[in-house]
Amino acid sequence: MIQVIRTLLPLVLVFGACALAQAAEKGKGFGDGHDGNRASVTHLIDLFDDKGDQIKSSIQPRPISMRNTCGKCHDYDTMAAGWHFHSGSTNVLSGRVGEPWVLTDNRIRTQIPISNRGWKGTYKPGDVDMNAWKFLKKFSSHFPGGNYGEMAPSEDEEDEEEEVDTSELFRWEISGKYEINCLACHHADRKQNQSDAAFQAAKENYRWAATVASGLASVKGTASELEDFYDPEFDGHKIITSYDKSRFDSNDKVFLDIVRKPTSNSCYFCHSTQSLETPGEDEWVHNEDIHLTSGMSCADCHRNGVDHMISRGDIEPSKTPHGSADYLKAYDPKKVTSYSCQGCHMGDPNADDPAAKMGGHLGAPIPEHKGMPPVHFEKLSCTACHSGRLPTGNTARVRTARIHTLGLHGKLASMQPQLPHVVTPVFARMANGKIGPHNMIWPSFWGTQTNGVVKPLAPNLVREIAPDELGIEIEEPERVNDWIELSEEQIGNVLKLIGDYEWELEEGEPKPLPVYVAGGRLYRLSNGVVVSENHDAGEPYKWPIAHDVRPAAQSLGSNGRCADCHDKDSPFIFGQVEVDTPIKPAEKQSVAMTEFGELDRGYYEMFAFTFLFRPWLKVVVILSCILLGMVLLLYALKGLDTVIKAAGKKVSSKQ
Amino acid sequence: MFQTVSWVSLGLVLAGIVVHCLVSPRRRLPKGEAAKSICDGDRSLLAKLKCLACPLALGSLIVLFITGFAGRLLFGELMTGYTLMLHVGLAPVFVVCLGFIVITWGHQCLLNDTDRQRLAGLLCLNKPDSGGTPDLGWKLTFWLAMFLAVPASLSMVLSMFPIFGTHGQETLLCLHQYSSLALTLSAMIHVYLVIRRKFSS
C-alpha cells in the first residue's frame with residue numbers, strides 16, 4: 001500500500017503543480033467572481049505597462065496597460081466581447097438599432113451614419129475606405145478603447161496584404177494600441193477626466209490616453225508629430241510619462257478607487273444629449289432623467305456581468321426581442337427583463353423570482369395609467385409617452401456627446417459642431433412594431449450607384465476630385481442654417497467630375513454612376529441635367545431613444561388627457577419632421593410625422609374629429625343609462641309591490 | 001376564453017331557436033291577444049318615433065355586433081381603426097333608442113297575472129301550469145336585454161374617464177364584452193319570440 005502511495009504521490013503532485021501553473025499563467029478571471037460580500041474591493045495594486053513590466057515611480061516609466069494591469073485579475077478578452085468593445089469584430093451582434101458614429105465633412109456637405117453592426121441606413125467603415133487606424137483618428141474622442149483601437153494589422157497581414165498602408169503600420173507602432181479603458185467607467189476618482197483621454201487621442205497618443213485620463217500621470221509629447229521612423233530606443237523618449245509619485249506607496253503599489261458599478265458621471269461623457277432649445281447660458285434650466293433625479297444611477301438598470309453585455313432595457317417579458325436571435329444569444333431574457341421599463345414598474349410575469357413578478361423593482365412606482373385604454377400598450381412603447389422631449393408642432397434639434405464631441409475641455413473645447421442636425425423626437429415605428437420616439441439624421445453624401453446599389457464615396461476622395469467646385473479652399477464660407485449651401489448647378493458639376501474619375505474596375509464591371517444623396521432624395525445626371533428622386537439611400541437614419549425620462553405628470557396622456565395625442569393639432573401624430581439638407585437650407589422643409597409612424601393620416605384626422613363629440617357621447621350615454629336604470633327600477637319596484645301584495649293575500653286567505 | 005364562450009353560446013342559442021322552431025307547434029292566439037303592428041292606426045309623433053326606434057335599435061345592434069364580434073371571433077383581434085370608430089359612433093344611437101323603447105314599450109312588456117303564475121311555476125315557487133303563456137319569453141328577454149344594456153354601456157363610458165387604471169380598464173373591457181354578448185343573445189331570443197308570436201296571430 002505504502003509502495004503504491006509512494007508511486008502515485010509524485011504523479012499527483014506533478015499534475016497539481018501543472019494545473020496551478022497553467023491557471024497562474026492564464027491569470028484570468030479570478031477577480032471576476034463574487035463571493036457575496038457587498039463591500040467594495042480595495043484596489044491597491046501593481047501597475048503594468050504594455051510589455052508586462054511593473055511600473056515603478058523610480059525609473060523612466062511607460063503608460064499603464066489595461067490588458068496587463070486589469071487583466072491580471074479580470075478576464076480582459078471576455079470583457080472585450082461586450083457591447084462597448086466588439087463592434088469592429090467580425091462576429092459583431094447587431095442588437096437594437098442605436099446611435100451611429102457619423103462621418104461628417106461640412107465642406108463637402110457630407111454626413112454619413114457609420115456602424116459595423118449592419119443597421120439599415122448605416123454604412124460600414126470599410127464602405128468609406130475607413131480602416132481601424134482611420135476610424136480611430138476620426139472617432140477616438142469618445143471612444144471606450146478596445147475594438148478598432150486594438151486592430152493594428154499583424155505582421156502576417158503586413159506580408160500578405162498589399163493594401164496595408166506602411167505609413168499606418170509605423171504610426172501604430174508609435175501611437176500604440178488603444179486598449180479598453182477600464183478606468184473610464186470604473187474609476188470613481190473625481191480626477192478621472194475623459195476629456196484628457198480625448199486630447200491624447202487627438203495627438204495619436206493612444207497608448208497614453210487611459211493613463212493621462214486617470215489623473216495618475218501627465219504626458220509630454222505628441223505621437224502625430226513624430227516621424228514614421230521614430231524609435232525610442234535610438235531616438236530617445238520623445239513622449240514622456242510623468243507619474244504623480246505621491247500616488248505610489250513604498251511597494252510601488254497604487255490605490256485606484258475602483259467601483260463595480262460605474263457612476264452616471266462616467267456614462268454621461270459619451271451618452272449626454274443637449275437640447276438646442278436652450279443651449280449655452282441657459283443650460284442650467286434642463287432637468288435630468290427622472291430616475292437619476294430620484295437617486296438612481298444608469299447602472300441600476302443598465303447592468304451587466306463579466307461579459308459586459310449591458311442590458312439595454314428594451315426586452316419585453318415573454319417576447320423574442322424584435323424577432324432577433326442576436327439578443328437571445330447575448331441575453332437570458334429572464335435575467336434582464338426585470339430591468340426593462342415594464343419589468344421594473346409592472347413586473348415580469350415569466351420571471352422565476354416571485355418578487356420580480358410583482359414589479360416595483362428598486363422602488364419603482366407601479367403605474368395606474370388611469371383612463372388609458374390597454375390597446376395603447378400594444379401600439380406604443382413606454383418611451384412614446386414618457387421619454388425624450390415633449391413633442392411640439394415641429395421637431396427640435398439636439399446634440400449628442402459622441403456625434404458632436406461634447407464634453408471636451410481645454411484646447412479641444414473650441415470645437416462646437418452643429419452639424420449633423422439631429423432632429424427629435426420623431427415618433428416612428430420600431431422594430432417590434434410599436435411606435436416610439438427617435439433621434440434622426442438625414443444622410444447626405446456623394447456616392448456611386450452600381451446595379452441600383454448606392455455606396456458613399458470616402459470624403460477624402462471627394463475632396464481630391466472636386467476641391468474647387470466644393471469651395472474647399474475658402475476660409476470662411478457663408479453658412480445658412482449651419483450648412484454651406486449647395487446649388488443644383490454645383491451638384492451637376494461635381495457629379496460630372498466624379499463621373500470622369502478613372503475608377504479601377506474589374507473586367508466586366510459596369511462603370512458606377514455618380515450620385516448625391518441629401519434630404520431624402522437622390523440626385524443624378526440624366527443627359528447632363530441634374531434630376532432627383534426619392535430613394536432608399538436617402539432615407540433618414542433614426543434610432544430609438546429612452547432618455548431623459550420625464551416625470552409621470554409630464555407624460556403624454558397623463559391623467560387621461562386624450563387630447564395630448566388625439567387632438568387635431570397633436571404633435572405626436574400631426575407634427576412635422578424637419579428635413580435637413582444643404583440644398584436650399586434656408587427653406588423650411590418638412591415631412592409629416594405620420595409617415596414615420598406608418599399611420600393613416602386621414603383616419604387619425606377623423607378620429608381626432610370624433611373627440612369633439614366625445615363629451616356629448618359621454619353625456620348622452622350616461623343620461624340614457626340613468627333613464628334605463630330608473631325605468632328598470634320603477635318596474636322592479638312595481639313587481640315587488642305585486643309580489644308583496646300577492647304574499648299578503650295568501651297569508652290573509654290562510655288565516 | 002371569450003372567443004370560446006362566444007362561439008359556444010351563440011351556437012347554443014341559434015341551435016335552440018332552430019330546434020324550438022321545428023319542435024314546438026305554433027298555437028293560434030285568441031282574437032283579442034293577436035299582436036298588433038307597432039304603429040297600427042296611430043299617426044302621432046310619438047307613435048312614429050316608436051315605429052322608428054325598434055328597427056333603429058335592432059339595426060344598430062346588428063352593426064354593433066358585427067363590428068364588435070367579427071374581428072374578435074374570426075381573427076382574435078381587438079377592434080381598431082374605422083371599425084372602432086363606427087362601433088363607438090353607433091353605440092349612443094343604440095343606447096338612446098333603448099331609452100326610448102323602455103319608456104314607450106315598458107308598459108306593454110309588464111308581466112300580467114298569467115305570466116307571473118307561469119314564472120312562479122318555472123321558478124318552482126308554484127304548481128307548474130301546464131297551459132303556459134306565449135308572452136312570458138319575449139317579455140322576460142325584453143327586460144333582460146334592457147337590464148344588460150346598462151352595464152354594457154356604462155362599462156365603456158366609465159373607461160373614458162380617468163378613474164380606472166390598467167387593471168380596472170381591463171375589467172371594464174371584460175364586463176363590456178360579456179354583458180354585450182349576453183345582451184345580444186337575449187335580443188336574438190326576444191326577436192325570435194316576437195316574430196314567432198306575430199306569425200301566430
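A residue counts as buried if 20 or more other C-beta atoms lie within 10 Å of its own. The exercises below apply this cut-off to a predicted model.

**Exercise 1. Overall description**

Task: State how many helices and strands chain A has, and what percentage of its residues is buried.

Solution:
- Step 1. Chain A contains 26 helices and 18 strands.
- Step 2. Of the 655 residues in chain A, 37% are buried.
- Step 3. The C-alpha trace of chain A spans about 125 × 95 × 55 Å along its principal axes.
- Step 4. Take the contacts in chain A between residues at least 6 apart in sequence: 65% of these join residues at least 24 apart.

**Exercise 2. The buried residues of a helix**

Task: Determine which residues of helix α11 of chain A are buried, and what covers them.

Solution:
- Step 1. Helix α11(A) comprises residues 264–271, and within this helix Ser266(A), Phe269(A) and Cys270(A) are buried.
- Step 2. Viewed down the axis of α11(A), the buried residues fall within an arc of 80 degrees, so they line one face of the helix.
- Step 3. A general rule applies here: an α-helix has 3.6 residues a turn, so residues three or four places apart point the same way.
- Step 4. The cover over the buried residues of α11(A) includes α7 (182–186) and α8 (194–202) of chain A.

**Exercise 3. Alternation along a strand**

Task: For strand β4 of chain A, establish which side chains point to the buried face and which to the other.

Solution:
- Step 1. Strand β4(A) covers residues 217–220, and its side chains alternate.
- Step 2. Ala217(A) and Val219(A) point to one face and are buried, whereas Ser218(A) and Lys220(A) point to the other and are not buried.
- Step 3. β4(A) is joined by four bridges to strand β5 (residues 240–243) of chain A, and the two run antiparallel.
- Step 4. Lys220(A) has Ile240(A) in β5(A) as its bridge partner.

**Exercise 4. Two open sheets**

Task: Give the strand order in the open sheet that includes β7(A) and in the one that includes β12(A), and identify the edge strands of each.

Solution:
- Step 1. One open sheet has five strands of chain A in the order β7-β8-β9-β10-β16, with antiparallel pairing.
- Step 2. Its edges are β7 (273–275) and β16 (541–544) of chain A; each has a single partner strand, so one side of each is left without a neighbour in the sheet.
- Step 3. Neighbouring strands of this sheet are turned by 45 degrees against each other on average, direction ignored.
- Step 4. Between strand β10 (residues 435–441) of chain A and β16(A) there are four bridges, and these strands run antiparallel. Asn439(A) stands opposite Trp543(A) in β16(A).
- Step 5. The other open sheet has five strands of chain A in the order β12-β11-β13-β14-β15, again with antiparallel pairing.
- Step 6. Here β12 (453–456) and β15 of chain A are the edge strands, each pairing on one side only. The twist from one strand to the next averages 35 degrees.
- Step 7. Five bridges connect strand β11 (residues 445–450) with strand β13 (residues 513–518) of chain A; in β13(A), Val517(A) is the bridge partner of Phe445(A).
- Step 8. Helix α21 (residues 488–500) of chain A lies across β11, β13, β14 (521–526) and β15 of chain A, and runs at about 65 degrees to β14(A).

**Exercise 5. A residue in a loop**

Task: Is Ala537(A) buried or exposed?

Solution:
- Step 1. Ala537(A) is placed in the loop between β15 (529–534) and β16 of chain A.
- Step 2. The cut-off for a buried residue is 20 or more other C-beta atoms within 10 Å. Ala537(A) has 20 such atoms, and is therefore buried.
- Step 3. Apart from its neighbours within four places in sequence, Ala537(A) is in contact with Val454(A), Val517(A) and Leu522(A).
- Step 4. Ala537(A) and Pro443(A) are 94 residues apart in sequence, yet 8.3 Å apart in space from C-alpha to C-alpha.

**Exercise 6. Nonpolar cores**

Task: Identify the residues with the most contacts inside the largest nonpolar core.

Solution:
- Step 1. The largest nonpolar core has 92 residues, and those with the most contacts inside it are Ala197(A), Ala209(A), Trp446(A) and Tyr516(A).
- Step 2. Helix α9 (residues 206–214) of chain A gives the most to this core, with six residues.
- Step 3. Another core, of 30 residues, lies apart from it; Cys625(A), Val102(B), Leu154(B) and Leu183(B) are among its members.

Methods: Residues numbered from 1 in each chain as written. Chains lettered and ligands numbered in written order. Predicted model: local features only at pLDDT ≥ 70, side-chain atom pairs only at ≥ 80, totals over all residues. Buried ≥ 20, exposed ≤ 12 C-beta atoms within 10 Å, placed from the backbone. Arc of directions from axis to C-beta. Contact = placed C-beta atoms within 7 Å. Pairing = 2+ DSSP bridges. Axes fitted to C-alpha atoms, helices over the stretch in contact; angles between N-to-C directions. Core = buried A, V, L, I, M, F, W, Y, C linked by C-beta atoms within 7 Å.
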